[in-house]
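Please open the structure in a viewer and keep the selection tool at hand. The tour below proposes what to select at each stop and describes what is found there.

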Amino acid sequence: MSDTPDTPDTPDTRGTRGTRDSRSARGTRDRVLEAALVCLVRNGYGGTTARAIAQVGGFAPGVIYYHFADLDDLLVAALERTSGARIDRYRAQLSGIDRAVPAIARLRELYDEDTESGHIAAVQELYAGARPGTRLAAQLALETRKWEKLAEEQLTLLLRGKPLASVVRVHVLAGAAVAFYLGMETLTHLDGDRSRPTTLFDQGARLAAIFDRVPRLQRRARRVR
């Protein structure tokens, strides 16, 4: 038996261990969220069960219920995660762009990212599977409003000083833009025609070039009496 007494935990060692445990828990939670999104892409909404998510992520199904109350709680969190990350990315990439041609070019790049990452496919499955009155449906409505706000910000910037600005209701146009995006994805998802987005972006680029040629109105300086 050793005569050396055990060294008690000090506040510093307890704090360090607590930080490690917290980071580990966050890391595991992130793995579960990513597995849920991948499972939506691979198996569709109907095939995204706790067992299927666990198989994708390489962990036991019980891990899900350690971090989330139930499967709906997980899907709501996964939606909030992927939508929030993409909104932040769009806002950063579109910041300061006040001409339509570069805006369309940047949107095309961002759309390609959405497709390659699986974000679009995962969110499309959630829209298709959500039932009215559920937490998932409420979160989808909330995320849709966030995208509409982003679209409104960008449209306000593009229309600033343009003659059309006086007749366009920007919030209505923003809602229409988001609805168009979702509708395009629904049709593409149903028939698998991946040329549709390319054709629409090509058309958008041509219209953007015309729009950019419309001069901005100059504000008249007020006369000082």
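**First stop: an aromatic pair**

Select tyrosine 111, which counts as buried at 3% relative accessibility. Please bear in mind throughout that this is a predicted model. Next, add tyrosine 181, a partly exposed residue with a relative accessible area of 27%. The structure holds three aromatic pairs. Tyrosine 111 and tyrosine 181 form one that is edge-to-face, with 6.1 Å from centre to centre and 85° between the planes. Distant parts of the chain are linked by this pair: tyrosine 111 belongs to helix H5 (residues 100–117) and tyrosine 181 to helix H8 (residues 170–191), 70 residues apart. Now add Phe201 to the selection; ring pairs link Tyr111, Tyr181 and Phe201 into a cluster.

**Second stop: a charge over a ring**

Select lysine 162 together with phenylalanine 211. The charged end of lysine 162 sits over the ring of phenylalanine 211, at 4.7 Å from the ring centre.

**Third stop: the nonpolar cores**

Which residues touch the most other members of the largest nonpolar core? Select Ile53, Phe59, Ile64, Leu74 and Leu126, which hold that position within a core of 25 residues. Two or more residues of this core come from each of helix H1 (11–43), helix H2 (50–57), helix H4 (71–94), helix H6 (119–129) and helix H7 (135–159). H1 gives the largest share, seven residues.

Within this core, centre the view on phenylalanine 59. Leaving aside residues up to four places away in sequence, phenylalanine 59 touches Arg31, Val32, Ala35, Ile53, Ala54 and Ile64. Then move to a second, separate core, which has 18 residues, including Leu94, Ala174, Val178 and Phe211. Phenylalanine 211 was also the residue whose ring lies under the charged end of lysine 162 at the previous stop.

**Fourth stop: salt bridges**

The count of salt bridges comes to 14. Begin with aspartate 30 and arginine 81, whose closest N and O atoms are 3.0 Å apart. Aspartate 30 lies in helix H1 and arginine 81 in helix H4, so this salt bridge ties together parts that are 51 residues apart in sequence. Aspartate 30 is partly exposed, with a relative accessible area of 32%, and arginine 81 likewise counts as partly exposed, at 30%.

Next, select lysine 146 and glutamate 143, whose side chains meet in a salt bridge (3.4 Å, N to O). Both residues lie in helix H7, three residues apart, about one turn of the helix. Is each partner buried or partly exposed? Lysine 146 counts as partly exposed at 34% relative accessibility, whereas glutamate 143 is buried, with a relative accessible area of 2%.

Continue to aspartate 191 and arginine 196, where the side chains meet in a salt bridge of 2.7 Å, N to O. Aspartate 191 counts as partly exposed, at 46% relative accessibility. To finish this stop, select Arg86, Arg89, Glu113 and Asp114, which are joined into one network by salt bridges that share partners.

**Last stop: confidence**

Finally, colour the model by pLDDT. The mean pLDDT of the protein is 89, and 87% of its residues reach 70 or more. Select residues 1–5 as well: pLDDT stays under 50 there, and the model has zero contacts for them beyond four places in sequence.

Definitions and conventions: Residues numbered from 1 in each chain as written. Predicted model: local features only at pLDDT ≥ 70, side-chain atom pairs only at ≥ 80, totals over all residues. Heavy atoms only, no water. pLDDT = per-residue confidence, 0-100. Contact = heavy atoms within 4.5 Å. Core = buried A, V, L, I, M, F, W, Y, C linked by side-chain atoms within 4.5 Å. Buried < 20%, exposed > 50% of the residue type's maximum accessible area, 1.4 Å probe, protein only. Helix = DSSP H or I, 4+ residues; strand = E, 2+ residues; numbered from the N terminus. Phe/Tyr/Trp six-rings, centres within 6.5 Å; stacked < 30°, edge-to-face > 60°. Lys NZ or Arg CZ within 6 Å of the ring centre and 35° of its normal. Salt bridge = Lys/Arg side-chain N within 4 Å of Asp/Glu carboxyl O.
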